[in-house]
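Me: I am new to this structure and would be grateful for a close look at a single part of the chain. Please set that part in the context of the whole.

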Amino acid sequence: MSRLRLALIAGGTSGEREVSLQGAAVVARALDPQKYKVSRYDPATDLPRLAADAAQLDVAFILLHGIHGEDGTMQGFLELLGIPYQGAGVLGSALAMDKNLAKTLYRLHGLPVASWEMASPGDVRDPGPLLERLRPPLVVKPVRQGSSIGMSIVREAGELSGALRQAFAHDRQVMVEEFIRGREITVGVLGNDELTALPLVEVIPGEQYDFFDYEAKYKPGASREVCPAEVGDGIRSKAQEYGLIAHRVLQLRGYSRTDMIVRDGDIFILETNTIPGMTPTSLLPQAAAQAGLSFSALLDRLIELARER
């Protein structure tokens, strides 16, 4: 049997470039050399080469995070080149990347979310109108960033202006939402037409972190994960149901990971990731392993789903 010619696309120009490259190195080692002939492409430098090689490629594995990776732009480029790829298409990627649109869709389909408002640059100078509608503690975040880049927790009204300024440095759209303290869990979903919800993972940041920020995500030992999450059957089944609904609402394919907060038995949807971290110790691969899929087998499955397009 001939090997599949696979384009492993990683790097890019977003603030999550290094995370992307680190994940790609792990994926490249885990892909079975008997099944795949892997070529690496970095969108920061290699888009012309990728286009030139398109006719010789069978499938692409996108391991980009953030702008120009998860937002539908790379997906659209691959569509034009006729190369199938794993995960969400152009529309689903764009919807999930835009936290404001995603939350609007969640709410329209009955999924519980924290209250939020969109900020304007004028709110940096005068956050008073925002504070009339939302009271601290609050979460301030760029609408189209990942890995908690530009995000902060506002505990006092006087902190809001600085938090907005920081967020606007990363995106022209910024949202301010109610901060919900609770247990953070995540639900992975696998499949195209037939979907499977994976076991829950609970994320527990170290005591020095207010939330699962960039350092808490990527610094070794900064957080710990529990898989399967130690929650009751009711929470587990409801969270998995919510994960499946979020996946469908956002028009996703292949896989996704939806992050949630559990407070006093209630579950609130935070966001859905269309290209989750992809190392053996990342959240979705941990859940897949609990469900019986090794890391290499998970990669095989995602590539199979890509080729179903």
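Reply: The domain bounds used here come from an automatic or database domain assignment. On that basis, the chain of this predicted model is divided into domain 1 (4-85), domain 2 (95-112 + 182-308) and domain 3 (116-178). The centres of domain 2 and domain 3, taken over C-alpha atoms, are separated by 24 Å.

The whole chain may be described before the chosen part. It contains 12 helices and 13 strands, and its C-alpha atoms fill a box of roughly 65 × 45 × 35 Å along the principal axes. A compact globule of 309 residues would have a radius of gyration near 19 Å, and the chain agrees with this because its own value is 19 Å. Of the 309 residues, 55% count as buried. Where contacts join residues at least 6 apart in sequence, 68% of them link residues at least 24 apart.

The part selected for the close look is Ser93. This residue belongs to helix H4, which covers residues 90-97. Ser93 counts as buried because its relative accessibility is 1%, and the cut-off for a buried residue is under 20%. Apart from neighbours within four places in sequence, Ser93 is in contact with Glu70, Asp71, Gly72, Gln75, Ala88 and Thr274. A further distance places Ser93 relative to Asp259: the two residues are 166 apart along the chain, and 16 Å separate their C-alpha atoms.

How values were computed:
Residues are numbered from 1 along each chain as its sequence is written. This is a predicted model: local features need pLDDT of at least 70, side-chain atom pairs count only at pLDDT 80 or more; totals for chains, interfaces and linings use all residues. Side-chain values use heavy atoms; hydrogens and water are left out. Helices (H or I, at least four residues) and strands (E, at least two) are DSSP runs, numbered from the N terminus. The radius of gyration is taken over C-alpha atoms; the globule rule is 2.2 Å times the number of residues to the power 0.38. Buried means under 20% relative accessible area, exposed over 50%, partly exposed in between (1.4 Å probe, protein chains only). Contact means heavy atoms within 4.5 Å.
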